[in-house]
Amino acid sequence: MDTIMPLLYIAVFPGFVFLGAYATLIQWIDRKVTAVMQNRVGPPIYQPIADFIKLISKEVVIPDNADEILFKSIPYIALASIITTIFMIPVWGTPMVSFEGDIVVIVYLLTIPTVTFFLAGWSSTSPYSTIGSMRVMTQLFGYEVPLFLSFAGCAIIAQSWSVYKISEYFTQNPLMILVNIPGFIVALLASQGKLERVPFDTPHAKNEIVGGQFTEYSGRLLGIFLLAIDIEMVVLAALINAVFLGGLHNISGFFGFAIFIIKTLVVCLILTLFKVLMARVRVDQMVKFSWKYLVPVAVIQILIDLYIRLKF
Amino acid sequence: MKKKPLRLLPEAIKQLTQKPATSKYPFEKAKVYPNFRARILFESEKCIGCKMCMRVCPSKAIEIIISDTQPAAQTGPDGNPIPQKKKFDCIMNLDRCIYCAQCVDICPKKALKSSEDFELAQLDRTKLKLHYK
Amino acid sequence: MSKIQIPLGPQHPALKEPENFMLVLDGEQIVDATVNLGYNHRGVEKAAENRNYIQDIYLIERICGICSHSHVSCYINAVEEIAKAEVPQRAKAIRTLVAELERVHSHLLWLGVAAFELGYDTLFMYTWRDREQVLDCLEMISGNRVHYGINTIGGVRRDITKEQAEEILKKIKFLHERTSYYVGVVTEEPTFLARTQNVGKLPKDVALELNAVGPTARASGVDIDVRRDEPYFIYDQLDFKVITHNTEDVFGRAVVRVLETIESYKMIEQILKNLPEGPISVKVPWKIGPGEAVFRYEAPRGEDIHYVKANGTEYPERVKVRAPTLANFQSIPYCLKNGYLADAIITIAAIDPCMSCTDRAVVYDYKTGKKEVFDWEGLRKYSIEFYKKKGVSFK
């Protein structure tokens, strides 16, 4: 029994199966809400699954110049690193793994997919994917710092570097959530960059560089990549929920889970709203925007948090 | 220049309560206006075989030929044959037709007519060749 | 990082028609650009010589899907000039009406395309949804949505009834409201501004030197508009402003187009409120000429020029089309240079390119690698020899 339970955790809940199912649902909601806001009909609920099955069943084409082992293994690395993070984020009761400093581990694990996107583009050697992977890296320098700074603000005010303890602190002091609203907005905008969605979807802007870093990917490998991005959205929403919004409010069992679902949905809807209402910015404008606005706001947030911490 | 972030927000929120603008075409019949130009109809009785339509057709889609079956010759009361109007057939190549309806405009006897029948896609190409008798 | 050459097209998601732009990149910056035409050449000019004047209307209409009325009106005016046909006032008014409706639909289409190129899908969906109203108007008047076929030599083919006029006015009022809203979106949305301001700069003197036309030129402050400078149809009786802008960039081109749409609404209202009575067409003989004529026409994309030479038969001897995109293409390499790759698409889209209007054939000898452009005499000689080899003789 001791060996079966962790395997179930990894494979079913809150691991691969749950994340995959919830990610496809979130993707459908994202697409449907976008469609309704654009006065369109939108896809049926099974569309993301149908897309996934279609991609999985298609032929995989590998470019002649590409490094075959690297090219094939990258999507799985991206998926694995994203799924690993969910074990440190509270989904049902307490997280499976929780230790002082796990927020740093999460941020590191969430950087790995970005690096794999870069490697994916770079190893495909076509001009479009090369430019796409360059943009992935450039953009990484834009959003990574404000995202981590905004998390750091919460960590300072909660006096802990553990995601679970931070959410516990906000549960006990709900008013402190209001203090962190600027940091929350910074984190939302930065995660929009991390997820490579409009307005920060330059790495695979289809009108400019076709598929960007994924240009040469096809079939199963592309399907895994897209699933990884969908799951990344869920994980980021769960992380933002845990760090900024007080997580599950220490409610274990079903109601805690319901709170988790509602809150992550709200975060995802805000992300969808950003996507609907903005035009794509250029990669240099994106970096400029993050360093000109997001980083200062995040730093001010940290200063406010420090002040409150020392004063009260 | 004044900037307003999220300029489309009120409009996008408003759409949440509205029906999609998309028409569910194959399930809902598409509305066409009168004077719509679609498949050309032909009335053999009116045609005098002047072939003006063939002359103006930009895509050579229409062809007027003499019918295989002509009306039987009749004789008048004085025993002389009465000249009968020849009967003409029309071959429409719908795959070539560009639906400009110039033939309808030019026809001096109004033997050609536009219909509102625009769902003309076929899997079998031979079905696109219509022979009006 | 070394310079890389990146092909933009002929197959590219952002280009609606096949055309090739070779960009030399230094990182994200474009250091050099070349435009390669000719993927979409259809030989329309040559084909027009083998068809009579009425058949040519429908051939020339199909030069372009968006400015179909422009090309036909331009050609037909040239033919009528040779035939010395007096077109009735009512026909002229209906032609002007369709021309302005076409401008509205073309500019709304452009706004949607530009928004799409910027990843601003919501604006794209809204403009194209509202554009349906104009298409409905055009379908109501002419019976077709895209290739209206309203023109015929000597007049127009369909009349407008009172009810139709009222219906159009109603739709135009709705569109006026919507377009005013889009003016606000275009000039105030920060992400849209960030992507269009100071992008694809085309200073006034360069625009004049490179012969830019239409909204591209007007956005660079060049005050030209054939409708005002050399009025045709009933434009001399209409009251309208020529919109110019002085920012000389993509933003200016967007603003010029949106404001021009609003001017068009005003013109449509003026036309419909005083529609002259009378017949809608006159008879013109089949055989026209001899003679030749050039006509200038302000298409939605800019000045369109047609040259028709008649020789007294029912077939034209020569039809020459100078589409607005060909004039504006000269400015693209200039606009692209020193810009970013991300801006290349919107810079190209900003002139509202119509490749199939523009394409010219170039003979490329793959053995010697030599390029050659045929002149008229050379092409004629080549075609006669080509057909002689196939057993067709010309006398």
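These legends accompany five close-up views of a predicted model.

**View 1. The largest pocket and its lining.** Here we look into the largest pocket, whose volume is about 1300 Å³. Its lining is made up of 42 residues, and those nearest the centre are Q27(A), R31(A), H204(A), L226(A) and K275(A). Two chains supply the elements that give two or more residues to this lining: α2 (16-37), α3 (47-56), α11 (219-244) and α12 (254-277) from chain A, and α5 (121-142) from chain C. The most is given by α2(A), with eight residues. Sorted by class, the lining of the largest pocket holds 20 nonpolar, 13 charged and nine polar residues.

**View 2. Strand β5(B) between its two neighbours.** Take a moment with strand β5 of chain B (residues 88-93), where six of six residues are buried. Both of its faces are covered, with F88(B), C90(B) and M92(B) on one side and D89(B), I91(B) and N93(B) on the other. Strand β2 of chain B (residues 62-66) pairs with β5(B) in the antiparallel sense through five bridges, and D89(B) is the bridge partner of I65(B). β5(B) also runs antiparallel to strand β7 of chain B (residues 129-132), to which four bridges join it; in that pairing, I91(B) is matched with H131(B).

**View 3. The covered residues of helix α7(A).** This close-up picks out the buried residues of helix α7 of chain A (residues 163-172), namely V163(A), Y164(A), I166(A), S167(A), Y169(A) and F170(A). The elements that cover them include α5 (102-124), α6 (127-158), α8 (176-179), α11 and α13 (283-311), which belong to chain A as well.

**View 4. A buried serine in chain C.** S106(C) sits in helix α4 of chain C, which spans residues 89-117. With a relative accessible area of 1%, S106(C) is buried. Leaving aside residues up to four places away in sequence, S106(C) touches I66(C), P300(C) and D352(C).

**View 5. Cysteines of chain B without a disulfide.** If you are searching for disulfides, the count over all chains is zero. For C53(B), the closest cysteine sulfur belongs to C50(B) and lies 6.3 Å from its own, so the two are too far apart for a bond. C53(B) is buried, at a relative accessible area of 7%. For C97(B), the closest cysteine sulfur is that of C57(B), and the separation of 6.5 Å is again too far for a bond. C97(B) is buried too, with a relative accessible area of 15%.

Conventions:
Residues numbered from 1 in each chain as written. Chains lettered and ligands numbered in written order. Predicted model: local features only at pLDDT ≥ 70, side-chain atom pairs only at ≥ 80, totals over all residues. Heavy atoms only, no water. Buried < 20%, exposed > 50% of the residue type's maximum accessible area, 1.4 Å probe, protein only. Contact = heavy atoms within 4.5 Å. Disulfide = S-S within 2.5 Å. 1 Å grid on protein atoms, 1.4 Å probe; cavity = no way out; pocket = protein on both sides within 12 Å on 5 of 7 lines; lining within 4 Å. Points joined across faces, edges and corners; volume = space filled by probe spheres on them. Nonpolar A, V, L, I, M, F, W, Y, C, P; charged D, E, K, R; others polar. Pairing = 2+ DSSP bridges.
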